[in-house]
Amino acid sequence: MSTDAGHEGAAVAERVEKRWAVLSVIAVVFMAGLAGFAGIHQATMPQPRVETANPATLHISGEFVESNLGSAVEPDGSVTVRMIGQQYSFAPACVLVPTETPIIIRATSADAVHGFLIEGTNVNTMLVPGYVSTVTARFSTPGDHAMPCHEFCGLGHQSMWAHVKVIAKEEFMQMSAQKRRLDCVEQ
Ligand code: CUA
């Protein structure tokens, strides 16, 4: 009698174990499927195109030389912002952009991995040495946005900040007629 009960108990335990194993496999497959869906179908990652920039020569040649940083009006009317993140600042430290204009931000890092986030917008990416990060933005109203580095990059990480200043489109276009690259560092 007692051996029968023992066998029955073992059979129940085995059944429950098998059920649980099947359930956990289903859960893992489901989560892997979700990750695949997000990554491939929605194209959230990786970036659709990969551009490189040598961090050792950023300041010497190429599109990220100091004279080329800041905001520039393109022939199609959009504005390209070029920036560098480095321990522990952004260049330029104040980014000037117009309202109601497609903005393309191109940025890279000269040293470690930095975070790139514009508060109040959905701009949120990382600056990885060796690669160019490209994000697009559009601002409907003038104002100031904080731009903190949100990726731990060393001892000075918490003091690594920049600002984005959005001004009226007409004012911006007038300023851009005087100067090839705009920023608001002196203001
Ligand atoms: Cu740069 Cu944290």
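Here are three short exercises with worked solutions on a predicted model. Local features need pLDDT of at least 70, side-chain atom pairs count only at pLDDT 80 or more, and totals for chains, interfaces and linings use all residues. Residues are numbered from 1 along each chain as its sequence is written, and side-chain values use heavy atoms, without hydrogens and water.

**Exercise 1.** Find which cysteines the disulfide joins.

Solution.
- Start with the bond: a disulfide is a covalent bond between the sulfur atoms of two cysteines.
- Apply the cut-off: the two sulfur atoms must be within 2.5 Å.
- The structure holds one disulfide.
- Cys 94 and Cys 184 are its partners, with S to S 2.0 Å.
- The angle about the S-S bond is -90°, so the link of Cys 94 and Cys 184 is left-handed.

**Exercise 2.** State which parts this pair ties together.

Solution.
- Helices (H or I, at least four residues) and strands (E, at least two) are DSSP runs, numbered from the N terminus.
- Cys 94 sits in strand S4 (residues 94-98).
- Cys 184 sits in the segment after helix H2 (169-178).
- The pair therefore ties together parts that are 90 residues apart in sequence.

**Exercise 3.** Sort Cys 149, Cys 153 and Leu 34 as buried, partly exposed or exposed.

Solution.
- Buried means under 20% relative accessible area, exposed over 50%, partly exposed in between (1.4 Å probe, protein chains only).
- Cys 149 has 6%, so Cys 149 is buried.
- Cys 153 has 6% too, so Cys 153 is buried.
- Leu 34, in helix H1 (residues 2-41), has 45%, so Leu 34 is partly exposed.
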